[in-house]
Amino acid sequence: MPIELKKTKDGSYTLFIPALNEHYHSYNGALAEAMHIFINAGFNFLPKQKINILELGFGTGLNAILTFTEAKKNNTTVFYCAVEAYPLDYQLIKQLKYESLEGVNPTVLKKIHTESWEKEIKISKHFTLQKLKTDIQKFEHNKKFDLVYFDAFAPEVQPVLWSEKVFINIHKRLKKKWNFAYLLFQRHSKKSFACRRIFCKTFGWSPRETPYFKGDSSVKISPRI
Ligand SMILES: C[S@@+](CC[C@H](N)C(=O)[O-])C[C@H]1O[C@@H](n2cnc3c(N)ncnc32)[C@H](O)[C@@H]1O
């Protein structure tokens, strides 16, 4: 499927798939969105010593490199498992110029993208990466996770990934004590609110709105306390 490079409103780049009319990140700011949702509302919300993160939809690796950078700052040990069914070509990823983002180490960024799939790779003393080339619907793992970056395409584009079956599988992979999932929904989307209801109803969780990110809305879902 053809993919186009797009500059978003904060100056950072993303990818656009014309056939799906879908961006990999918000056109209001790829970097700003990733920081707002996954890093600030997700990673920075958890205790800092040691965490296991599951990313569903590795894509451009933006969340992975930002998590690496933040973890280094905080001296956090991270096991980062990223699931992706359609890995992008490295030549295309290079055009996103994520090595020029503040704090990003170009050597680490390259490693994240070029290291082999399936194996656990020690990117640094504190950061272990495992990229799994598989479908989110078939994903299995023997580890439990503290945090999920649920970064699939929108439910309107891929409704099958926003189903009860997928959510139950995610839920099974969460640790009991610190389980948080962050789901990104687009504002005004009836479908996305229906998905949120399914998730909350299935597990008795509560949606907690994080502040809107410009045109989009992100919803943090966590267990009812
Ligand atoms: C919104 S984009 C991901 C953004 C990504 N986190 C990033 O920072 O670039 C959604 C990703 O999910 C992947 N994807 C779509 N369907 C999938 C499936 N069934 N299983 C695994 N990955 C899938 C796409 O290839 C794409 O990389």
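At roughly what angle do the axes of helix H1 and helix H2 cross? Let's find out by walking through the structure together. Keep in mind as you go that this is a predicted model.

**Stop 1: helices H1 and H2**

Select residues 30-42, which form helix H1, and add H2 to the view. Their axes come within 10 Å and cross at roughly 60°. An angle of that kind makes H1 oblique to H2. The crossing of H1 and H2 is right-handed. Now show the side chains where the two helices touch. On the H1 side, pick Ala30, Ala34, Met35, Phe38 and Ile39. On the H2 side, pick Leu62, Asn63, Leu66, Thr67 and Glu70. Try colouring them by class: the contact of H1 with H2 has seven nonpolar residues, two polar and one charged.

**Stop 2: helices H2 and H4**

Keep H2 (residues 62-74) on screen and select helix H4, residues 106-114. Here too the axes come within 10 Å, and the crossing angle is roughly 135°. H2 and H4 are therefore oblique to each other. Their crossing is right-handed. Which residues make the contact? From H2, look for Ala64, Ile65 and Phe68; from H4, look for Val108, Leu109 and Ile112. Colour this contact by class as well, and you will find six nonpolar residues, with no polar and no charged ones.

**Stop 3: the three-stranded sheet**

Next, turn to the strands. Strands of a sheet pair through backbone hydrogen bonds, either parallel or antiparallel. Your first sheet is an open one of three strands in the order S1-S2-S3, with antiparallel pairing. Select S1 (4-7) and S3 (22-23) to see the edge strands, each of which pairs on one side only.

Zoom in on S1 and S2, which run antiparallel and are joined by four bridges. To see one of the pairs, select Glu4 and its bridge partner in S2, Phe16. Then follow the chain through the turn: S1 and S2 form a hairpin with five residues between them. Stop at Gly11 in that turn, where phi is positive, at about 95°.

Now move along to S2 (residues 13-17) and S3, an antiparallel pair joined by two bridges. Select Ile17 together with Glu22, its bridge partner in S3. Phe16 deserves another look here, as its bridge partner in S3 is His23. S2 and S3 also form a hairpin, with four residues between them. Asn21 in this turn has a positive phi of about 55°.

**Stop 4: strands S5, S6 and S7**

Select S6 (residues 120-124) and S7 (residues 127-132). These two run antiparallel, with four bridges joining them. How many residues does the hairpin from S6 to S7 pass through? The hairpin joins them through two residues. For examples of facing positions, select Lys122, which stands opposite Thr128 in S7, and Glu120, which stands opposite Gln130 in S7.

Leave Gln130 highlighted and add strand S5, residues 77-83. In what sense do S5 and S7 pair, parallel or antiparallel? They pair in the parallel sense, over six bridges. Cys81 stands opposite Gln130 in S7, while Glu120 stands opposite that residue too.

**Stop 5: around the ligand**

For your last stop, select the ligand and show its surroundings. There are 19 residues around the ligand. The closest are Gly57, Gly59, Thr60, Leu62 and Ala85. You have met Leu62 before, in the contact between H1 and H2. If you colour the shell around the ligand by class, it has 10 nonpolar, six polar and three charged residues.

Definitions and conventions. Residues numbered from 1 in each chain as written. Predicted model: local features only at pLDDT ≥ 70, side-chain atom pairs only at ≥ 80, totals over all residues. Near = placed C-beta within 6 Å. Nonpolar A, V, L, I, M, F, W, Y, C, P; charged D, E, K, R; others polar. Axes fitted to C-alpha atoms, helices over the stretch in contact; angles between N-to-C directions. Parallel < 35°, antiparallel > 145°, perpendicular 65-115°, else oblique. Left-handed = near helix turned anticlockwise from the far one by under 90°. Contact = placed C-beta atoms within 7 Å. Pairing = 2+ DSSP bridges.
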